[in-house]
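User: Hi! I would like a close look at one part of this model, with the strands and what packs around them. Could you walk me through it?

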Amino acid sequence: MTANPVLWTLDERGVATVTLNRPEVNNAYDGALIAGVLAAMDDLGQKPNLRVVVLKGNGKHFQAGADLKWINGVRPQSAEANEAASRATFEAVQRLNTLAIPTVALVQGGCFGGGTGVIAACDVVIAADNALFSITEVRWGLTAAIIIPQLCDAIGVRQVRRYALTGERFGAEDARRIGLAHEVVPLADLEAAGRKVVEQLLANGPEAMAETKRLALESSFGGMAVDDAAYKRLVHLHSVKRQSPEAAEGLASFAEKRAANWGGGKS
């Protein structure tokens with residue numbers, strides 16, 4: 001296992017690169033990765049020259065959603081522990097969403113579950129032509145509650161109602177068509193495309209960009225404050241669903257590599 005699940009660097013221009021670093025599990029998130037993202041945001045927030053954040057994933061895949069082994073470890077714990085896990089996950093996405101600095105996500109390979117919420121929280125998303133997306137939570141009897149606001153902002157309620165209900169996989173061109181990705185490039189050109197966008201951002205006034213982003217978020221559901229009652233409700237629903245009988249069956253089906261039996265009663 002990698003020693004540090006999140007890496008970050010900051011160059012002389014003020015461009016930070018934050019890298020998800022659990023390639024052995026396709027950068028699936030667990031408590032350590034969430035804590036690493038929050039720590040990176042804390043550290044970078046203290047840098048006065050910070051201008052742009054670029055988000056990447058090490059290895060073949062950008063981010064494979066939640067580590068279901070970790071989810072299974074959290075499930076039997078107390079309701080308070082489950083809510084704390086959901087709150088930390090929400091905070092990591094929301095802090096990325098509301099960061100006053102422009103954010104650029106470079107996506108290759110798989111981007112599933114929470115990964116779709118992460119990129120929906122970024123200002124610019126560039127996908128490699130091999131990228132594959134899915135809002136997967138319903139497959140495991142879970143809900144995507146804490147990323148629904150960001151997804152609705154990015155792709156609209158109509159598209160969320162399809163893709164978050166079906167859990168189906170879709171490619172980079174479909175992601176661009178519905179607004180989840182802004183641009184699709186060959187995998188070999190992903191880094192270069194990211195550099196081009198960063199240069200465009202660096203040419204603009206930092207305060208003007210921060211105010212523009214703030215005004216955009218003020219008109220969106222995804223820009224609501226962390227302590228807003230609606231978000232508290234989403235965190236609660238996210239954690240409660242994780243401990244439901246339906247989630248138990250869905251996660252068991254994953255572990256046992258079988259189809260889930262949804263006929264066993266309501267959660």
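How many bridges join strand E2 to E3, and in which sense, parallel or antiparallel, do they run?

Analyst: Happy to help. This is a predicted model, in which local features need pLDDT of at least 70 and side-chain atom pairs count only at pLDDT 80 or more, while totals for chains, interfaces and linings use all residues. Residues are numbered from 1 along each chain as its sequence is written, and side-chain values use heavy atoms, with hydrogens and water left out.

To your question: strand E2 (residues 15-20) and E3 run parallel and are joined by 6 bridges. Helices (H or I, at least four residues) and strands (E, at least two) are DSSP runs numbered from the N terminus, and two strands pair if DSSP finds at least two bridges between them. Two of the partnerships can be named: Val15 has Val52 of E3 as its bridge partner, and Ala16 has Val53. Strand E3 covers residues 52-57 and is mostly covered, with 5 of its 6 residues buried (under 20% relative accessible area, where over 50% is exposed and in between is partly exposed, using a 1.4 Å probe and protein chains only).

Now the wider setting. An open sheet of 6 strands runs in the order E1-E2-E3-E4-E6-E9, and its pairing is mixed. At its edges are strand E1 (6-10) and strand E9 (183-185), each pairing on one side only. On average, neighbouring strands of this sheet are turned by 20° against each other, direction ignored. Strands of a sheet pair through backbone hydrogen bonds, either parallel or antiparallel.

What lies across these strands? Helix H8 (residues 190-202) lies across E2, E3, strand E4 (103-107), strand E6 (124-128) and E9. Its direction is at about 165° to E6; axes are lines fitted to C-alpha atoms, for helices over the stretch in contact, and angles run from 0 to 180 degrees between N-to-C directions. Contact here means heavy atoms within 4.5 Å.

The model has another open sheet to set beside this one: 3 strands in the order E5-E7-E8, again with mixed pairing. Strand E5 (110-112) and strand E8 (170-171) stand at its edges with a single partner strand each, so one side of each has no neighbour in the sheet. E5 pairs with strand E7 (residues 132-134) in the parallel sense over 3 bridges, and Cys111 stands opposite Phe133 in E7.
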